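Me: I have a structure open and would like to go through a few residues and helix packings with you. Could you take my questions one at a time?

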Amino acid sequence: MNSQIDFSGRPFHFIGIGGIGMSAIAYVLTKRQLPVSGSDLRPNQITRKLESLGAHIFSRQEASNLEFFRPQESADGIVLNSPAKLPVDKSNLPQVICSTAINTSNLEYKAAIELGCPILHRSDVLAALIADYYSIAVAGTHGKTTTSSMIGYMLLQAGLDPTILVGGEVNAWEGNARLGESKYLVAEADESDGSLVKHAPAIGIITNIELDHPDHYETLDEVVETFQKFAEGCQILVGSIDCDTVRDRLNPNISYSLHPDIGADYTVTNIDYRADGTTALVWEKGKALGVLNLQLLSRHNLSNALAAVAVGRALGLEFGEIAKGIATFEGARRRFEFRGEAAGITFIDDYAHHPSEIRATLAAARLQARPGQRVVAIFQPHRYSRTLTFLEEFSESFTHADLVVLTDIYSAGEPDLGQINGEQLAAEIGKQHQQVIYQPTLSSVCEFLLSNLRSGDLALFLGAGNLNQAIPEVIATLREPVQATS
């Protein structure tokens, strides 16, 4: 794909503009007053927001969408249907942006090819934005969204006014992106499709490395190679050496660890994990910096915060400024997000979909749970390839749950080859856990929960698919007044 991005005024058209990564880029470009349009099959609050900012949104992915850009010359030689009213010239055709999810058989994609539009991957535009700023790019198998959001929030609170693009929505900037006026940009950098190698930030962070996308990588070594190429492009590499792979296969310029005895540049002691947050004393190369307080739970979020401390110090911030920002960071949506309470039941939504993430999230839930309170894990597996590859790991990930409710696999566009299904995964988990219930559909999950949840439960919805759509329905039904019978 062409990697030459034109930010001078040439239009951008996004096929699948409502995706979390695509929409963040579209938001920044729209706020930079560039002509932006896009299509999505499922309009949502993100596409509505983009539309309110001036982006043109199509509700279908059809070849006719590209007619919007086809030159139609008026008497004075001006294009009538271009968002920028540009002169007739093939160079004025839109730069068409796709993600890996867009298939080459997509009618809109094929029309863009026929029209002669330059076709760009989402990561090409992100790489160009990263090159356009003094950028901090957060990579890693787990923790990218929380860490990048925390760093962005920290810089925002310190008055550095960063541009931010992350893979989750954050209340502080009311979405998944913001446009700042400073030289700083904070971005979440995804390794799932190998495009991570395109990014060359001033500061790169690697939180950890695991095999998480067997649809793209066959071995951990292939994943490591992608991260190594990313590391080579970073001016400064910050890495967690609590991850054996980061420690053994990469050479971070700045290291961090939750274990004081392994020699990291940044570490912590006096850790207090509580139900309402975490406190720790932070050390920089053997010198105590001060106490860090964060609202987020459990050790994985303390590690994410330590990465933010390392970045803040690399940028010259005083620890007091760093700690003040981190202390008020509430987290990104769908990262242990409180969704409500009904009938004495607490509802939490979390994006965790890899066995390591599930273990960490359930550990945080157990920490928050009161004595005698049940932790009910409701899980929707994400992708057939991931479920099959990590079948054994999934079976061992639910030890902190009192009850596990599984539904069928969310395909995320993958074909069902008949090798694995949700019921088989439930059976595997059942070998390690006494209470596992399989409900094949979201409606049957709702029915089961309404009949079996009880006051005092902490209901934790886990998965990267559409499982969380069940939460409002369950809460609303539980809140309905009981009809008196005569």
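Me: Let's start with E222: which residues does E222 touch, not counting residues up to four places away in sequence?
Reply: Not counting residues up to four places away in sequence, E222 touches H216 and Y217. Please keep in mind throughout that this is a predicted model.

Me: And where is the place of E222, in which helix?
Reply: E222 sits in helix α6, which covers residues 220–233, and the side chain of E222 reaches back to the backbone nitrogen of E218 at 3.0 Å.

Me: How open is it there, is E222 buried or exposed?
Reply: Neither label fits, because the relative accessible area of E222 is 30%, which makes E222 partly exposed.

Me: What separates the C-alpha atoms of E222 and A464?
Reply: Those two C-alpha atoms are separated by 23 Å, with E222 and A464 lying 242 residues apart along the chain.

Me: Different topic, I475. How far apart are I475 and A343 in space?
Reply: From C-alpha to C-alpha the distance between I475 and A343 is 8.5 Å, although their positions lie 132 residues apart in sequence. I475 belongs to helix α15, residues 470–479, and, leaving out residues up to four places away in sequence, I475 touches R339, G340, A342 and F347.

Me: Why does I475 count as buried?
Reply: I475 counts as buried because its relative accessible area is 6%, and buried here means under 20%.

Me: Now T163, please. What is the relative accessible area of T163?
Reply: The relative accessible area of T163 is 0%, so T163 is buried. T163 lies in strand β7, which runs over residues 163–170.

Me: Which backbone nitrogen lies 3.0 Å from a polar atom of the T163 side chain?
Reply: That is the backbone nitrogen of G180. G180 also appears among the contacts of T163 beyond four places in sequence, which are V28, Y133, R178, L179, G180, Y184, L185 and V186.

Me: Then Q61, where does Q61 lie?
Reply: Q61 lies in the loop that links β3 (56–58) to β4 (95–98), and at 17% relative accessibility Q61 counts as buried.

Me: With which side chain does the side chain of Q61 make a polar contact?
Reply: The partner is the side chain of N106, at 2.8 Å. Setting aside neighbours within four places in sequence, Q61 is in contact with I15, G16, S39, D40, L41, I102, N106, L107 and E108.

Me: On to the helices. At roughly what angle do the axes of α5 and α9 cross?
Reply: The axes of α5 (residues 144–157) and α9 (residues 319–327) cross at roughly 120° and come within 8 Å, and the two helices are therefore oblique to each other. The crossing of α5 and α9 is right-handed.

Me: Which residues make that contact of α5 and α9?
Reply: On α5 the contact is made by M150, Y153, M154 and Q157, and on α9 by I322, G325 and I326. By class, the contact of α5 with α9 has 5 nonpolar and 2 polar residues, with no charged ones.

Me: And how do α8 and α9 cross?
Reply: The axes of α8 (residues 298–314) and α9 come within 10 Å and cross at roughly 145°, and the crossing of α8 and α9 is right-handed. The contact involves A305, A308, V309, G312 and R313 of α8 with F319, I322 and I326 of α9, and by class the contact of α8 with α9 has 6 nonpolar, 1 polar and 1 charged residues.

Terms used
Residues are numbered from 1 along each chain as its sequence is written. This is a predicted model: local features need pLDDT of at least 70, side-chain atom pairs count only at pLDDT 80 or more; totals for chains, interfaces and linings use all residues. Side-chain values use heavy atoms; hydrogens and water are left out. Helices (H or I, at least four residues) and strands (E, at least two) are DSSP runs, numbered from the N terminus. Buried means under 20% relative accessible area, exposed over 50%, partly exposed in between (1.4 Å probe, protein chains only). A polar contact is a pair of N or O atoms within 3.5 Å; within protein, one must be able to donate a hydrogen and the other to accept it, and residues adjacent in sequence count only if both atoms are side-chain atoms. Contact means heavy atoms within 4.5 Å. Axes are lines fitted to C-alpha atoms, for helices over the stretch in contact, and angles run from 0 to 180 degrees between N-to-C directions. Angles under 35 degrees count as roughly parallel, over 145 as roughly antiparallel, 65 to 115 as roughly perpendicular and the rest as oblique. A crossing is left-handed if the near helix is turned anticlockwise from the far one by less than a right angle, and right-handed if clockwise. Ala, Val, Leu, Ile, Met, Phe, Trp, Tyr, Cys and Pro count as nonpolar, Asp, Glu, Lys and Arg as charged, and the others, Gly among them, as polar.
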